[in-house]
Amino acid sequence: MDQSILNVHASHIGTLLQQRRQRLVTAESCTGGWVAKLITDIAGSSAWFERGFVTYSNAAKQDLLGVAPTVLATHGAVSDAVVQAMVRGALAHSVADIALAITGIAGPDGGSVDKPVGTVWIGWGLADGRISSQRFQFNGDREAIRYQAATTALSELLALL
């Protein structure tokens, strides 16, 4: 897997955020902080990256982001409702202007008929309350799914900006 595309996306995002004097917060589950790592690999990213949450467990989603237990119980951790709650929680628990959230099933197990391995929800939100989210179905092994999730999250954020 070529990480250079990820580095290019992260760098472009940083340039745009700096120009706009905005800051980014991430809330990651299945990617385990991969997006935050890519961002903090960039010298000077502290000017536009506010913080990152790695909320791998449901308890972490509740404790760190304020995702309601009923939302998790009703929809499951890999859902539109949860990724949107993650976006809202990341914004509420930071001073960032823009949030990016990722939750999914990277495998090799944990999938179901409704949510097979490779199901990933990605959400993006602005401090003014606008949130968008999308479901993706990625293929491959655990590493490939996580790579595709990070790549897609960054490329879609870049398009949003």
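## The loop between β3 and β4

P108 is found in the loop between β3 and β4, where helices (H or I, at least four residues) and strands (E, at least two) are DSSP runs numbered from the N terminus. The peptide bond that leads from G107 to P108 is cis, with omega near 10°. This is a predicted model, in which local features need pLDDT of at least 70 and side-chain atom pairs count only at pLDDT 80 or more, while totals for chains, interfaces and linings use all residues. Residues are numbered from 1 along each chain as its sequence is written, and side-chain values use heavy atoms, with hydrogens and water left out.

## The loop between α1 and β1

Another backbone feature is found at R21, which lies in the loop between α1 and β1. The phi angle of R21 is near 55°, a positive value in a residue other than glycine. R21 has a relative accessible area of 78% and is therefore exposed, given that exposed means over 50% relative accessible area, buried under 20%, and partly exposed in between (1.4 Å probe, protein chains only).

## Helices α1 and α6

The axes of α1 and α6 come within 9 Å and cross at roughly 30°; axes here are lines fitted to C-alpha atoms, for helices over the stretch in contact, and angles run from 0 to 180 degrees between N-to-C directions. The two helices α1 and α6 are therefore roughly parallel to each other, since angles under 35 degrees count as roughly parallel, over 145 as roughly antiparallel, 65 to 115 as roughly perpendicular and the rest as oblique. The crossing of α1 and α6 is left-handed, a term used if the near helix is turned anticlockwise from the far one by less than a right angle, with right-handed used if clockwise. Contact means heavy atoms within 4.5 Å, and I5, L6, H9, A10, H12, I13 and L16 in α1 meet Y147, A150, T151, L154, S155, L157 and L158 in α6.

One residue of this meeting, H9, is found in helix α1 (residues 4-20) and is buried because its relative accessible area is 14%. Leaving aside neighbours within four places in sequence, H9 is in contact with T151, L154, S155 and L158. H9 and A153 are 144 residues apart in sequence, yet their C-alpha atoms are 9.7 Å apart in space.

## What surrounds α6

Helix α6 (residues 142-160) has 19 residues, which at 1.5 Å a residue should span 27 Å, and its end C-alpha atoms are 27 Å apart, in agreement; the expected span is 1.5 Å times one less than the number of residues. The buried residues of α6 include A144, I145, R146, Y147, A149 and A150. Further along α6, T151, T152, A153, L154 and L157 are also buried. What covers the buried residues of α6 includes α1, β1 (24-28), α2 (34-40), β3 (98-104), β4 (119-126) and β5 (131-137).

One residue of α2, L38, is buried, with a relative accessible area of 1%. Not counting residues up to four places away in sequence, L38 touches Q3, L6, N7, A10 and L154.

## T55 and helix α5

T55 lies in the loop between β2 (49-54) and α3 (58-65), and with a relative accessible area of 0% T55 is buried. Apart from residues up to four places away in sequence, T55 touches E28, S29, A60, K61, L64, L65 and M86.

M86 is also among the buried residues of α5, which are V82, V83, A85, M86, V87, G89, A90 and L91. The 13 residues of α5 (residues 80-92) should span 18 Å at 1.5 Å a residue, and this agrees with end C-alpha atoms that are 18 Å apart.

## Salt bridges

The structure holds three salt bridges, each defined as a side-chain nitrogen of Lys or Arg within 4 Å of a carboxyl oxygen of Asp or Glu. In one of them the side chains of K37 and D41 meet at 2.6 Å, N to O; K37 is partly exposed at 43% relative accessibility, and D41 is partly exposed at 45%.

E50 forms a salt bridge with R51, the closest N and O atoms being 2.6 Å apart, and here E50 counts as buried at 17% relative accessibility, whereas R51 counts as partly exposed at 34%. R130 forms a salt bridge with D128, with the closest N and O atoms 2.8 Å apart, and both R130 and D128 are exposed.
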